[in-house]
Amino acid sequence: MACTEAYKEHIEYTFNAFCRVVIRYAAINAWRDRDRRRQREISFEYLTEEKFYPFSTTDKYFIDPCKQCPVTICGQKVILTNGELAEALSSLPEKKREIIYFYFFGRYTQQEIGELYGRCRSTAWHHIHSALQILHEEMEVLYREES
């Protein structure tokens, strides 16, 4: 089936018309997107004139890095640099505070902690886990009070 010259020309014109429509709608979409972005943008002049948002902030994490908070656990003095952690540790019951000391500061294993208290390893793990949960809750309360 041979295509006539008129048919080839018709296909070319149809394709050109299709391309023009696609390009026109792509341009319209680009203009709409740009207008939407422009509506959401806030100029820096507006921010500096109204002074709604500061351009800089300061972190409160490193206000006094050398501040030391001593905590006495098992007759040993432990120096912590985080005051909130020291306060949360002090609020723990004595037994849980000892277990945390043995596990984290004394580098005892769960098996050794269990033997110290006459319990099995899984019970020692349970006490460590529950003490950490209490510490987590205390730290959240202290953090909320600060904010």
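Which residues form a nonpolar patch on the surface? Here are some notes to help you find your way around.

1. Phe15, Phe18 and Val22 form that patch, with about 320 Å² of accessible area together. Accessible areas come from the Shrake-Rupley method with a 1.4 Å probe, and for residues only the protein chains shown count as cover. Patches are made of residues with over 30% relative accessible area and no salt bridge; like charges are joined within 9 Å and nonpolar side chains (Val, Leu, Ile, Met, Phe, Trp, Tyr) within 5 Å. A salt bridge is a side-chain nitrogen of Lys or Arg within 4 Å of a carboxyl oxygen of Asp or Glu.

2. Please keep in mind that this is a predicted model: local features need pLDDT of at least 70, side-chain atom pairs count only at pLDDT 80 or more, and totals for chains, interfaces and linings use all residues. Residues are numbered from 1 along each chain as its sequence is written, and side-chain values use heavy atoms, leaving out hydrogens and water.

3. Phe18 belongs to helix H1 (residues 5–40). Helices (H or I, at least four residues) and strands (E, at least two) are DSSP runs, numbered from the N terminus. With 52% relative accessibility, Phe18 counts as exposed; the term means over 50% relative accessible area, buried means under 20%, and partly exposed lies in between (1.4 Å probe, protein chains only).

4. Now look at strand S1 (residues 69–73), where side chains alternate: Cys69, Val71 and Ile73 point to one face and are buried, whereas Pro70 and Thr72 point to the other and are not. S1 pairs with strand S2 (residues 76–80) in the antiparallel sense, over five bridges; pairing requires that DSSP finds at least two bridges between two strands. Val71 stands opposite Val78 in S2. Two residues lie between the strands of this hairpin, and Cys74 in the turn has a positive phi of about 55°.

5. The aromatic side chains deserve a visit too. Rings of Phe, Tyr and Trp (its six-membered ring) pair if their centres lie within 6.5 Å; planes under 30 degrees apart count as stacked, over 60 as edge-to-face and the rest as tilted. By this rule there are four aromatic pairs. Phe102 and Tyr108 make a tilted pair, because their ring centres are 5.0 Å apart and their planes stand at 40°. Phe102 is buried at 15% relative accessible area, while Tyr108, at 31%, is partly exposed. Tyr101, Phe102, Phe105 and Tyr108 form one aromatic cluster.

6. Finally, Leu135 sits in helix H6 (residues 121–146) and is buried, at 9% relative accessibility. Leu135 and Ser91 are 44 residues apart in sequence and 8.7 Å apart in space, C-alpha to C-alpha.
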